[in-house]
Amino acid sequence: TWLEILLGGEKDLLMCDPDSGYNYGSYLEDALLDSGFDQDDVDKIKIWNSGYPKEPDAGACTIKKKRNAIQNDDADQQNPGSTSRDMGDQGCVLIKDCEGKDQHKEFEVKLFSSPNGIEDEDEDYPIRLILSSFYFADGIQGIPDGKSDCDLCETECDTCTGVGLTAAYDDQSTGYDEVYTRPHRDADIIAAMQDWMGI
């Protein structure tokens with residue numbers, strides 16, 4: 001399993017200071033060990049390192065990076081005004097602030113080929129996540145699953161702004177499409193992932 005701990009500006013409280021009283025780092029690890037977990041089982045409980053990519057040590061300051069899950073952009077960051085993770089110049093949110101798909105692809109390839117903060121390629125960051133999402137059409141944040149379609153509106157429909165259905169699966173996709181992002185279908189990213197996995 002893995003726990004999503006959004007560090008924001010609270011890395012000391014949540015990860016780096018075991019005596020904070022609210023620590024998911026070594027304090028939680030020690031509590032799990034004290035309650036009967038063995039180290040092998042504790043190592044299976046991953047922490048989503050929201051400090052990655054700009055501050056990768058923030059999510060591993062009191063635990064091994066073997067217990068970290070990392071990614072470039074995440075779903076929360078897609079929302080206008082979201083400041084949940086400051087990636088600086090080390091990452092970008094595809095649908096919002098990347099210069100284009102090539103810049104985003106570079107960060108996704110790096111996630112598998114040489115992620116920031118890595119010390120042991122065989123042990124560190126055993127879970128590396130890719131966000132496959134969708135673009136907000138005409139400023140509307142509806143999911144293109146057909147459930148936000150104005151054709152379904154029953155009352156006060158003259159002010160409806162909606163998003164129609166677009167199938168999430170496309171067997172012809174090679175990544176970075178127009179409605180759904182699908183970076184997981186990009187050949188360069190797949191190659192980097194396979195190389196990391198040794199397949």
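**Reading a helix, a pocket and two cores**

Me: What follows α2, and what is its phi like?

Reply: In this predicted model, Gly36 comes after α2, and the phi of Gly36 is positive, near 115°.

Me: Which residues of helix α2 are buried?

Reply: A residue counts as buried when its relative accessible area is under 20%. In α2, which spans residues 26-34, that applies to Ser26, Glu29 and Leu32.

Me: Why are they on the same side of α2?

Reply: Look at the directions around the helix axis. The three cover an arc of only 120°, so they share one side of α2. The cover over the buried residues of α2 includes α3, residues 39-43.

Me: How should I read the largest pocket, and which residues lie nearest its centre?

Reply: Start with its space, then go to the lining. The largest pocket holds about 150 Å³. Eleven residues line it, and Gly8, Ser50, Gly51, Glu55 and Asp86 lie nearest its centre. Sorted by class, the lining comprises four charged, five polar and two nonpolar residues.

Me: How many residues are in the largest nonpolar core?

Reply: A nonpolar core joins buried residues of certain types through side-chain atoms within 4.5 Å. The largest one here has twelve residues, including Tyr52, Ile70, Phe107, Leu111, Phe112 and Ile189. Helices α4 (101-113) and α5 (187-197) each supply at least two of its residues, and α4 gives the most, with three.

Me: Which residues does Phe112 touch?

Reply: Leaving out residues up to four places away in sequence, Phe112 touches Glu121, Arg128, Ile130, Ile189, Ala192, Met193 and Trp196. Another core, of seven residues, lies apart from the largest core; among them are Ile5, Leu14, Met15 and Ile47.

Conventions
Residues numbered from 1 in each chain as written. Predicted model: local features only at pLDDT ≥ 70, side-chain atom pairs only at ≥ 80, totals over all residues. Heavy atoms only, no water. Buried < 20%, exposed > 50% of the residue type's maximum accessible area, 1.4 Å probe, protein only. Helix = DSSP H or I, 4+ residues; strand = E, 2+ residues; numbered from the N terminus. Arc of directions from axis to C-beta. Contact = heavy atoms within 4.5 Å. 1 Å grid on protein atoms, 1.4 Å probe; cavity = no way out; pocket = protein on both sides within 12 Å on 5 of 7 lines; lining within 4 Å. Points joined across faces, edges and corners; volume = space filled by probe spheres on them. Nonpolar A, V, L, I, M, F, W, Y, C, P; charged D, E, K, R; others polar.
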